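Welcome! Here is a short guided walk through one protein structure, to be read with the sequence and the 3D view at hand.

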Amino acid sequence: MEKSIIDKVIANTATTKEASEVASWFATDEGQDYLAHRFDDDAAKLQDEEVNLYKASGIHSARMKSRLQHQIRRRFLKARVQLIAAILLPLVILSGITWFAGNRLDLFGKTEYATLRVPLGEKTNLILQDGTSVQINSGSAITYPKHFGLFSRKVSFSGEAYFSVSKEPSRPFVISLGDVDIKVTGTKFNVKAYSDEPTVIVALEEGKVSLIDKGKHVYPLQPRQSLIYNKVSGRCVISRIDEMEAFTAWRSNSLNFNRVPLGEILKVIERQYNVVFTAEDSSCLRYRFTISTGSTQVSEILHELERVSNIRFRQVAGNRYKVYSK
């Protein structure tokens, strides 16, 4: 890498292409050696300046020496900060990669991501690098960095999960749901945002969260409030939560529905128990049911639904069931 191009980047006079080239070079062993030597040279200059200034002063008191050393070190620290800023800011401004300095713990390394997919019929727990715990429901997926950045923590998610976010006000936690984001500082909440469903549902148990849509509209939630956001219409409804269990029953392998259409109930059962329902008459899927059960067997759950309605279920093959009206 030509020294003239590096100097242009540090002086904030480089082009976008030059800044990008220098950014890539700084990620190499040669580039990092250059930075290390640059800092070593500054340290050597500090020592020379300290000695020369002390000699020139003609004053040999310990108090005066300490004061001079303090002033020199302040100038040295300021110069080092300016050097780092001169390297990073052109990359941010010229290259447009505003995440470069803020979103990485390793300024010049590559962030590694991992994706966890939870199959139908299963659940799992995940502990992130910052201590945040995530209990993930069936048919969900989360993509997360193995190491969070200096100033932000961001994951991508689809499905349903209960988040217990480690509190760090200076480093917000952001969950990207595709169309919308959820911004968190430290809290416990349930989010349901399956990609094949038109709504995002957030239920806040404690702390503070905000949903931010594509139009940058912000919808803040207070504890014991729920939010339903329609991804199609953009309509958002915030309500008071009477029972948190209505949103988190899945965590204890329970089902809790209050006047919910049968079609939605069966979709939940399909995910949690890896079964498939086919209705002979789709009109029956609009019937609403109120049911709360801790049964873990599909056959028992379906029997409870049959007891309170004229709906019947017939197992036709393996995990497949027919739904019909009596």
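Strand β14 gives seven residues to the lining of the largest pocket, the largest share of any element. Please keep in mind that this is a predicted model.

## The largest pocket

How much space lies in the largest pocket? The answer is about 1,100 Å³. Its lining is made up of 40 residues, and those nearest the centre are K192, I201, F257, V260 and E264. Besides β14 (255–261), the elements that give two or more residues to this lining are β8 (188–193), β9 (199–206), β12 (225–230), β13 (236–240), α6 (245–248), α7 and β16 (288–293). Sorted by class, the lining holds 17 nonpolar, 12 polar and 11 charged residues.

One of the elements named here, β16, includes S292. Is S292 buried or exposed? With a relative accessible area of 54%, S292 is exposed. S292 and L255 are 37 residues apart in sequence, while their C-alpha atoms are 5.5 Å apart in space.

## Helix α7 and what follows

Helix α7 also gives residues to the pocket lining, and its length can be checked with a little arithmetic. The helix covers residues 262–273, and at 1.5 Å a residue its 12 residues should span 16 Å. The C-alpha atoms at the two ends of α7 are 16 Å apart, which agrees with that expectation.

Which residues of α7 are buried? They are L262, I265, L266, V268, I269, R271, Q272 and Y273. As background, residues three or four places apart in an α-helix point the same way, because there are 3.6 residues a turn.

Just after α7 comes N274, with a positive phi near 55°. N274 sits in the loop between α7 and β15, and at 36% relative accessibility N274 counts as partly exposed. Most residues other than glycine have a negative phi. R224 is another non-glycine residue with a positive phi, in this case near 70°. The place of R224 is the loop between β11 (218–221) and β12, and R224 is partly exposed, at 27% relative accessibility.

## A sheet of three strands

Beyond the loop that holds N274 lies β15, a member of an open sheet. This sheet has three strands in the order β15-β18-β17, and its pairing is mixed. β15 (276–279) and β17 (311–317) are the edge strands; each has a single partner strand, so one side of each has no neighbour in the sheet. On average, neighbouring strands here are turned by 30° against each other, with direction ignored.

β15 runs parallel to β18 (residues 320–325), and four bridges join the two. Within this pair, V276 has R320 of β18 as its bridge partner.

## Strand β5 and its partners

Now turn to strand β5, residues 153–164. Nine of its 12 residues are buried, so β5 is largely enclosed by the rest of the structure. In general, strands of a sheet pair through backbone hydrogen bonds, either parallel or antiparallel. The table sets out pairings of β5, each with one example of a bridge.

| Partner strand | Sense | Bridges | Example bridge |
|---|---|---|---|
| β3 (residues 133–136) | antiparallel | four | S133 with S164 |
| β4 (residues 141–145) | antiparallel | three | I142 with F157 |
| β6 (residues 173–176) | parallel | four | S156 with S176 |
| β8 | antiparallel | six | G159 with A193 |

β8 links this part of the tour back to the pocket, since β8 is among the elements that give two or more residues to its lining.

β3 offers a further bridge to β5, with I136 standing opposite A161. β3 also pairs with strand β2 (residues 124–127): four bridges join them, and they run antiparallel. In that pair, I127 stands opposite S133. S133 thus appears in bridges to two strands, as its partner in β5 is S164. What lies between β2 and β3? The two strands form a hairpin with five residues between them, and G131 in the turn has a positive phi of about 100°.

Conventions:
Residues numbered from 1 in each chain as written. Predicted model: local features only at pLDDT ≥ 70, side-chain atom pairs only at ≥ 80, totals over all residues. Heavy atoms only, no water. Expected span 1.5 Å × (residues − 1). Buried < 20%, exposed > 50% of the residue type's maximum accessible area, 1.4 Å probe, protein only. 1 Å grid on protein atoms, 1.4 Å probe; cavity = no way out; pocket = protein on both sides within 12 Å on 5 of 7 lines; lining within 4 Å. Points joined across faces, edges and corners; volume = space filled by probe spheres on them. Nonpolar A, V, L, I, M, F, W, Y, C, P; charged D, E, K, R; others polar. Pairing = 2+ DSSP bridges. Axes fitted to C-alpha atoms, helices over the stretch in contact; angles between N-to-C directions.
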